[in-house]
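These are my notes from one session with a single model. I wrote each entry as I looked it up.

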Amino acid sequence: MAAGERRIVTAQFFERDPLICARELIGTVLVWGSCEGIVVESEAYLSVNDEACHTFMRPSTRAFLARNQAGAAYIYLNYGVHWMLNVTVKGTDEGFVLVRAMEPIAGFDLMEKRRGLTGPRQLCSGPGKLTQAFAITIRDHERDLCCDPKHCFYHTTGMFDVVADERIGITKAADLPWRFTLRGSPFVSRPVKQKEGAIAHPSGVRSG
DNA sequence: TTCGTGATAGAG
DNA sequence: TCTATCACGAAG
């Protein structure tokens, strides 16, 4: 990729397993109108054998997955307050990638205004925070995130050291290491849980 | 630590 | 209808 060139993350990217997509989404840039941020935290949810995934309990989510393509936005309201941004994944395994935190890189004034605070650290350091900063709502539900250059992910150059960790804020299947963060990033929603004696593998749970 | 908030689903 | 359950965030 030439310097300065921007390459959209295509639907093909999301036609792989959710774990792979979640890990490789770290380091991409989400562009949303005039706002941009580097994805530093994500989580994978599988449509089968994952009790924490909405498909486990919600027929409406199973219907959503059936009628939408890979790369479609799955957005819902949590706790009556916060919008959550997920990307539909359809590989051998199907599911979603939850975008949990970003390092903001453009549109600071707008984001600070929407969030009602100043300073970059807390603008997008959580799934509810980033949707507020980017003004992502239910209007964007089912949006194709792989075609509009103003509402998509972009690849970036460089290597990203990714840590696999347990998912946050769930009660079911909470032990699975399906949360991915950019190692050492101060923009994540919560610090990586360090298990005593554990050796974090830099490339996550799979080598692919 | 506690509490607001509303969509969704399942029970009665 | 009613109730439980949340992939959260801010205040205290």
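**Entry 1: the largest pocket.** I began with the largest pocket, which holds about 720 Å³ of space. The model is predicted, and I kept that in mind for every entry. I then listed the lining of this pocket and got 31 residues. Those nearest the centre of the pocket are Y76, N78, Y79, G169 and I170.

Next I asked which elements supply at least two residues each to the lining. They are β3 (35–46), α2 (54–57), β4, β5, β6 and α5. Which of them gives the largest share? I found that α5 does, with four residues. By type, I noted 14 nonpolar, ten polar and seven charged residues in the lining of the largest pocket.

**Entry 2: DNA strand C.** I turned to the DNA and took strand C before strand B. I found 20 residues around DNA strand C, and the closest are H82, N86, R115, G128 and I170. I170 is thus on two of my lists, since I had already noted I170 among the residues nearest the centre of the largest pocket. What part of DNA strand C comes within 4 Å of the protein? Sugar and phosphate make up 57% of those atoms.

I looked up three individual contacts with DNA strand C. The side chain of Y76 has a polar atom 3.3 Å from a base nitrogen of the strand. In R100, an N or O atom of the side chain is 3.3 Å from a phosphate oxygen. P127 uses its backbone instead: an N or O atom there lies 3.3 Å from a phosphate oxygen of DNA strand C. I then checked which elements give two or more residues to this surface, and wrote down β4 (73–78), β5 (82–90), β6 (94–106) and α5 (127–134). The residues of the surface near DNA strand C are eight nonpolar, eight polar and four charged.

**Entry 3: DNA strand B.** Around DNA strand B I listed M57, R58, P59, S60, L77, Y79, G80, V81 and H82. I sorted these into five nonpolar, three polar and one charged. Sugar or phosphate holds 72% of the atoms of DNA strand B within 4 Å of the protein, and bases hold the rest.

Here too I looked up single contacts. A polar atom in the side chain of S60 is 2.7 Å from a phosphate oxygen of DNA strand B. Two backbones approach bases of this strand. A polar backbone atom of Y79 is 2.5 Å from a base oxygen, and one of G80 is 3.4 Å from a base nitrogen.

**Entry 4: cysteines.** How many disulfides does the structure hold? I counted zero. A disulfide is a covalent bond between the sulfur atoms of two cysteines. I wanted to know why C21 has no such bond. The closest cysteine sulfur belongs to C146 and is 10.0 Å from that of C21, which is too far for a bond. C21 is also buried, at a relative accessible area of 0%.

I checked C35 as well. C35 is in no disulfide, and the nearest cysteine sulfur, in C124, is 7.9 Å away. C35 is buried, with a relative accessible area of 0%.

**Entry 5: F108.** My last stop was F108, which lies in helix α4 (residues 108–115). Is F108 buried or exposed? Neither label fits: F108 is partly exposed, with a relative accessible area of 32%. I also looked up the separation of F108 and L123, which are 15 residues apart along the chain. Their C-alpha atoms are 8.6 Å apart.

How values were computed: Residues are numbered from 1 along each chain as its sequence is written. Chains are lettered from A and ligands numbered from 1 in the order in which they are written. This is a predicted model: local features need pLDDT of at least 70, side-chain atom pairs count only at pLDDT 80 or more; totals for chains, interfaces and linings use all residues. Side-chain values use heavy atoms; hydrogens and water are left out. A residue is near a molecule or strand if one of its heavy atoms lies within 4 Å of it. A polar contact is a pair of N or O atoms within 3.5 Å; within protein, one must be able to donate a hydrogen and the other to accept it, and residues adjacent in sequence count only if both atoms are side-chain atoms. Ala, Val, Leu, Ile, Met, Phe, Trp, Tyr, Cys and Pro count as nonpolar, Asp, Glu, Lys and Arg as charged, and the others, Gly among them, as polar. On a 1 Å grid over the protein atoms alone, a cavity is a set of points where a 1.4 Å probe fits but cannot get out, and a pocket is an open set with protein on both sides within 12 Å along at least five of seven lines; lining residues have an atom within 4 Å of a point. Grid points are joined across faces, edges and corners, and a volume is the space filled by probe spheres set on the points. A disulfide is a pair of cysteine sulfur atoms within 2.5 Å. Buried means under 20% relative accessible area, exposed over 50%, partly exposed in between (1.4 Å probe, protein chains only).
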